[in-house]
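Thanks, everyone, for making the time this morning. I would like to walk through one model with you, so please bring it up on your screens before I begin.

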Amino acid sequence: LTMFTHVTPHQTVTIVVVFGRIVSNEPWLPGLHWKPPWASCIDMFTGPDKDEVSYTCGTNDGVRFNGTVVVTNQLSAENAVSAYRQYGKDPDRQNVYDMSEYHMQSICSNMTAREFFVDKFDILDDLLEEKLAEGQKARYDDQGIMVRPATGLHIVEGKVKVFKPVPINSNIDELIKKEAEHQQAVRTAKEQRKVDAAIADNLAAKQIAELDRERARNKMQEQRHTDTQQAELARAQDKLEAELKRLEIQHKMERATAAKDANVTLINAQAKAHATEMEAIANEKLLTDAYLKGKAIDAFFNNNKVVMGDSIPSAWVGLADNILN
């Protein structure tokens with residue numbers, strides 16, 4: 001049965017070859033397929049493939065390194081047949097393994113040992129990824145004619161890692177280690193000085209803050225004292241103004257009372273004068289000659305004895321005339 005069937009696994013495509021010739025430009029997708037017994041089935045993995053590549057390189061100052069890189073790449077199913085035609089069953093052999101070694105040697109030769117090992121080590125991943133990704137694209141000549149189709153491989157972004165290389169003919173790693181230890185010691189001393197300075201600054205800041213709080217408390221106490229004095233002064237001022245207002249009202253009331261009394265006295269005086277005047281007018285009308293003679297007779301009668309005789313009337317009349325004159 002296996003002579004007539006083929007099972008294509010998950011994340012894999014199968015290329016059918018008969019006597020060295022590719023039967024179809026469309027690969028088989030995962031599943032069970034019938035095949036003639038004389039056909040060969042080439043399985044090509046299309047999932048993410050992590051390749052580990054070792055290399056040896058030399059820097060421009062003569063230091064040689066051994067190193068390792070890991071490159072994750074993926075073959076697209078639609079380009080599997082084209083990739084097989086160009087590179088065979090393992091297209092990543094030429095395009096990932098060989099090119100990673102080539103690019104690392106190129107990068108290394110353009111740097112000093114210190115740059116490659118320390119100063120620019122953090123950018124090696126991006127440099128290698130960029131060069132490998134560019135190498136998978138189709139190439140064209142100056143006339144725009146394609147001289148090489150795309151490889152069909154895709155370099156997975158962010159999945160290229162350059163591990164720390166090992167120097168072969170130099171102890172630069174020990175020298176850099178000692179330098180790093182010295183810098184760390186200096187850095188530690190500087191950090192300790194910074195810590196001491198920070199502690200001193202913190203203590204000074206606390207003392208200044210305490211002084212500021214003490215000044216604030218004193219200012220508040222002075223302000224409260226000033227406020228109390230101002231409140232007492234305001235109360236005294238209010239009391240004085242109230243007393244002045246009371247005296248003013250009392251003075252007005254006394255003036256009003258005096259004016260009222262004076263008016264009453266004037267009215268009484270005017271009434272008495274009017275009564276006296278009326279009485280004088282009445283008396284003037286009352287004091288006639290007959291009235292005065294009658295009063296004189298009454299007075300004489302009341303103050304003298306009775307006289308008997310024939311000449312009484314003439315005696316009284318003569319006396320009355322004498323009194324009136």
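Let me start with Thr5, which counts as buried because its relative accessible area is 14%, and buried here means under 20%. I should say at once that this is a predicted model, so please take every value as computed. Thr5 sits in strand E1, and, if we leave aside its neighbours within four places in sequence, Thr5 is in contact with Leu32, His33, Trp34 and Lys35.

One of those contacts, Trp34, comes up again at the surface, where Met3, Phe4 and Trp34 make a nonpolar patch of about 400 Å². Of these, Met3 belongs to the segment before strand E1, which covers 5-8.

Now to the sheet. Three strands make up an open sheet in the order E3-E2-E5, with antiparallel pairing; E3 and E5 stand at the edges with a single partner strand each, so one side of each has no neighbour in the sheet. Between E2 and E5 the antiparallel pairing runs over six bridges, and Val13 has Met44, in E5, as its bridge partner.

Finally, helix H1, residues 80-87, has Ala80, Val81, Ala83 and Tyr87 as its buried residues. Viewed down the axis of H1, these fall within an arc of 160°, so they line one face of the helix. The buried residues of H1 pack against strands E2, E3, E5, E7 and E9 and against helix H2, which brings in the three strands of the open sheet, E3, E2 and E5. After H1 comes Gly88, with a positive phi near 85°.

Definitions and conventions
Residues numbered from 1 in each chain as written. Predicted model: local features only at pLDDT ≥ 70, side-chain atom pairs only at ≥ 80, totals over all residues. Heavy atoms only, no water. Patch = residues over 30% accessible without salt bridge, like charges linked within 9 Å, V, L, I, M, F, W, Y side chains within 5 Å. Areas by Shrake-Rupley, 256 points an atom, 1.4 Å probe, with all protein chains shown as cover. Salt bridge = Lys/Arg side-chain N within 4 Å of Asp/Glu carboxyl O. Helix = DSSP H or I, 4+ residues; strand = E, 2+ residues; numbered from the N terminus. Buried < 20%, exposed > 50% of the residue type's maximum accessible area, 1.4 Å probe, protein only. Arc of directions from axis to C-beta. Contact = heavy atoms within 4.5 Å. Pairing = 2+ DSSP bridges.
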